Amino acid sequence: MLHDFGVLSFSHQRCTVDELTDAERRLNFLASQARGKVRGFVILNTCNRVEIYVSAERVRSILEELRANIEAEGRILCGIDAVRHLFRVSCGLESMIVGEDQILGQVKKSIFDSKKAGTADELLNFVFERAIKVGKRARAETRINEGSVSIGSAAVELAERETHGLKGKKILVIGAGEMGSLVAKALAEKDLGGMFIANRTFERAIELARAVGGTAARLEEKEYYMQICDVAISTTSAPHYILTYDAVKEVMAKRKNRPLIIIDIANPRDVEERVAEIEGVKLFNLDCLQEISEENLRRRLSEVGKVERIIDEEIEIFIKLLRRKRVERLISLLYTYGNAVRNEEKREALAYLRKGRDAEEVLDAFSKAVLSKTLHPAVSVLRRLAEQSVEGVEIEGVEGVKSESSEGSEKQDNNTKDGERSAKKEALDEAVKFLTEELERELERRIAQAGGGESS
């Protein structure tokens with residue numbers, strides 16, 4: 001089951017933005033073309049990552065075929081390595097900004113979209129379900145996502161810190177470009193008393209204000225709104241000062257020197273440096289925010305080890321759950337097949353009884369037939385297992401599984417003994433896998449021949 005799972009990953013670590021854009025376009029097309037070769041696929045697409053998770057036989061060769069048709073450096077992982085990778089992605093360890101929360105929502109959306117499109121099979125659903133749980137656990141039990149590491153988010157964090165909480169506060173955001181949008185969206189999550197968006201292009205201010213539940217303003221109205229706000233955050237890309245010393249001094253006179261926090265995250269600066277000399281003004285610039293961002297990043301990086309330990313634990317849980325699912329499927333098939341045998345033999349037994357056969361004789365034959373036919377698939381598979389080799393290792397019972405170097409084991413050191421144990425475990429795992437798959441196939445074939453095992 002797990003050996004049928006793999007991922008082809010293109011990310012910011014190896015690809016340019018243009019390469020990621022092209023990879024996304026090509027992957028969507030190629031995935032639609034490959035639907036007949038796979039049991040299912042999920043495409044995870046973010047601004048820094050494009051990945052396709054696939055469930056299929058010969059999954060590596062399918063992923064290699066996909067990679068050969070994309071002009072970017074992609075990475076292929078299969079089996080438990082692919083599962084671990086998805087867990088790391090979900091926890092934010094593979095993100096450009098370590099621990100970021102957005103990726104968890106994107107992982108959820110990718111599997112939701114695949115379910116809706118009918119491209120996610122049982123294995124993909126299970127792996128993604130566990131990955132989402134791991135991502136939630138990592139954020140609940142560590143501080144991997146605490147503290148703002150982007151400049152926009154750091155500005156909001158600084159405003160919250162300096163005002164002792166933004167609840168009920170009024171904020172002016174100057175600029176409705178990319179940075180202004182990020183700041184406004186982060187502020188929209190706070191319980192503000194009001195948010196005002198001032199921009200040179202008024203239509204853009206209206207658009208952003210509508211998106212975040214704020215109020216649009218013209219750029220020339222900024223001084224008025226500074227009179228009533230607690231914080232002003234300036235984010236424009238203007239080549240000149242947006243807030244001059246004289247303009248802010250006049251604002252403060254009308255505020256009767258009531259404290260005002262100004263955060264300048266523009267480059268070049270929007271706010272004249274002398275503004276910091278005005279009584280009642282606390283001015284913060286990009287350098288201050290960079291320090292906050294770097295401090296938070298160091299804090300997040302110190303949590304990576306804890307998250308990796310959680311992932312290790314969750315991998316063990318995942319393997320146990322997957323084995324249980326496989327066994328439960330096998331048990332279900334055994335019951336289905338056993339029921340089919342019982343129904344067939346019951347019909348035959350009743351026919352004999354109606355013909356006047358001795359009841360004890362019929363019952364004895366019935367019980368023997370049910371026992372023999374029900375056990376026959378498992379017995380035949382076990383016999384085939386005894387006659388075949390799995391991955392070049394002859395299986396004659398667990399005790400008989402040895403590596404070639406096991407002779408003279410009394411002279412071997414601990415490393416060699418560990419190697420022997422590992423070889424035995426791998427051979428046993430292969431034997432169990434072989435037995436399970438063979439028995440499933442045999443039972444499915446016999447159930448189909450018996451007509452599905454419906455109750456009579």
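User: Which residue stands opposite S11 in β3?

Analyst: In this predicted model, local features need pLDDT of at least 70 and side-chain atom pairs count only at pLDDT 80 or more, while totals for chains, interfaces and linings use all residues. Residues are numbered from 1 along each chain as its sequence is written, and side-chain values use heavy atoms, with hydrogens and water left out. Strands β1 (residues 5-11) and β3 (residues 49-55) run antiparallel and are joined by seven bridges, where strands are DSSP runs (E, at least two residues) numbered from the N terminus and pairing requires at least two DSSP bridges. Opposite S11 in β3 stands R49.

User: Which strands stand at the edges of the sheet that has the order β2-β3-β1-β4?

Analyst: Four strands form this open sheet, and their pairing is antiparallel. Two of them have a single partner strand each, so one side of each is left without a neighbour in the sheet. These edge strands are β2 (40-46) and β4 (75-78).

User: In the open sheet of six strands, what is the bridge partner of I171 in β8?

Analyst: The six strands follow the order β7-β6-β5-β8-β9-β10 with parallel pairing. Within this sheet, β5 (residues 170-174) and β8 (residues 231-234) pair in the parallel sense over four bridges. The partner of I171 in β8 is V231.

User: Is V327 buried, partly exposed or exposed?

Analyst: The cut-offs, for a 1.4 Å probe and protein chains only, are under 20% relative accessible area for buried and over 50% for exposed, with partly exposed in between. V327 has a relative accessible area of 44%, and is therefore partly exposed.
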